[in-house]
Amino acid sequence: PETVAKHDEAIARKLENSNEDMRKAALWALEKSPETVAKHDEAIVRKLEDSDEGVRKAALWALAKSPETVAKHDEAIARKLENSNEDMRKAALWALEKSPE
């Protein structure tokens, strides 16, 4: 987590990369630290609407690493409960379970 925190700005910039694997890798790196997830929460929440399903799921997993972030963005996460993909709905449920509220 310390290395991620040290380079979090550079990692977060990769969320806008044109390659979906790069965006997923950036989300996987950011999720290593709840503080980093909270710091970049708006950028991560935007990935819930990414064109790639894997990126959207990775964003849910990343958000779930910070309970406070889940509470802050519970509406955006809850919208994924209506997704046609069962794995996406499961990931949204798992993320919402992490909320302290």
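**Exercise 1. Count the salt bridges of this predicted model, then follow those of Lys24.**

Solution. The count comes to 13 salt bridges, where a salt bridge is a side-chain nitrogen of Lys or Arg within 4 Å of a carboxyl oxygen of Asp or Glu. The model is predicted, so local features need pLDDT of at least 70 and side-chain atom pairs count only at pLDDT 80 or more, while totals for chains, interfaces and linings use all residues. Residues are numbered from 1 along each chain as its sequence is written, and side-chain values use heavy atoms, with hydrogens and water left out.

Step 1. Start with Asp21, whose side chain meets that of Lys24 in a salt bridge of 3.4 Å, N to O. Asp21 and Lys24 are 3 residues apart in helix α3, so about one helical turn separates them. Helices here are DSSP runs (H or I, at least four residues), numbered from the N terminus.

Step 2. Compare the accessibility of the two. Asp21 is partly exposed, with a relative accessible area of 47%, whereas Lys24 counts as buried at 16%. Buried means under 20% relative accessible area, exposed over 50%, and partly exposed in between (1.4 Å probe, protein chains only).

Step 3. Turn to the salt bridge between Lys24 and Asp52, in which the closest N and O atoms are 4.0 Å apart. Asp52 lies in the loop between α5 and α6 and Lys24 in helix α3, so this pair ties together parts that are 28 residues apart in sequence. Both Asp52 and Lys24 are buried.

**Exercise 2. Describe the salt bridge of Lys80 with Glu49, and then name the residues of the network that includes Glu16.**

Solution. Step 1. The closest N and O atoms of Lys80 and Glu49 are 3.4 Å apart. The pair links distant parts of the chain: Lys80 is in the loop between α8 (74–79) and α9, Glu49 is in the loop between α5 and α6, and the two are 31 residues apart.

Step 2. Lys80 is buried, with a relative accessible area of 8%, but Glu49 counts as exposed at 58%.

Step 3. One network, joined by salt bridges that share partners, holds Glu16, Arg23, Lys47 and Asp50. Of these, Glu16 sits in the loop between α2 and α3 and counts as exposed at 52% relative accessibility.

**Exercise 3. Work out how the buried residues of helix α3 are arranged.**

Solution. Step 1. Helix α3 covers residues 20–30, and its buried residues are Arg23, Lys24, Ala26, Leu27 and Leu30. They lie on the same side of α3 because they cover an arc of only 160 degrees around the axis; the arc is that of the directions from the helix axis to the C-beta atoms.

Step 2. These buried residues pack against α1 (2–6), α2 (8–13), α4 (34–39), α5 (41–46) and α6 (53–64).

Step 3. At the N-terminal end of α3, Asn19 acts as a cap, with a side-chain oxygen 2.7 Å from the backbone nitrogen of Asp21.

**Exercise 4. Find the aromatic pair and classify its geometry.**

Solution. Step 1. Rings of Phe, Tyr and Trp (its six-membered ring) pair if their centres lie within 6.5 Å; planes under 30 degrees apart count as stacked, over 60 as edge-to-face and the rest as tilted. By this rule there is 1 aromatic pair.

Step 2. The ring centres of Trp61 and Trp94 are 4.3 Å apart and the planes stand at 45 degrees, so the pair is tilted. Trp61 is in helix α6 and Trp94 in helix α9 (residues 86–97), 33 residues apart, and the pair links distant parts of the chain.

Step 3. Trp61 is partly exposed at 37% relative accessible area, and Trp94 is partly exposed at 25%.

**Exercise 5. State the size of the largest nonpolar core and which helices supply it.**

Solution. Step 1. A nonpolar core is a set of buried Ala, Val, Leu, Ile, Met, Phe, Trp, Tyr and Cys residues joined through side-chain atoms within 4.5 Å. The largest one has 26 residues, and Leu15, Leu27, Ile44, Leu48, Leu60 and Ile77 have the most contacts inside it.

Step 2. At least two residues of this core come from each of α2, α3, α5, α6, α8 and α9. The largest share, 7 residues, comes from α6.

Step 3. Leaving aside neighbours within four places in sequence, Leu15 is in contact (heavy atoms within 4.5 Å) with Arg23, Ala26, Leu27, Leu30, Ala43, Ile44 and Lys47.

Definitions and conventions
A polar contact is a pair of N or O atoms within 3.5 Å; within protein, one must be able to donate a hydrogen and the other to accept it, and residues adjacent in sequence count only if both atoms are side-chain atoms.
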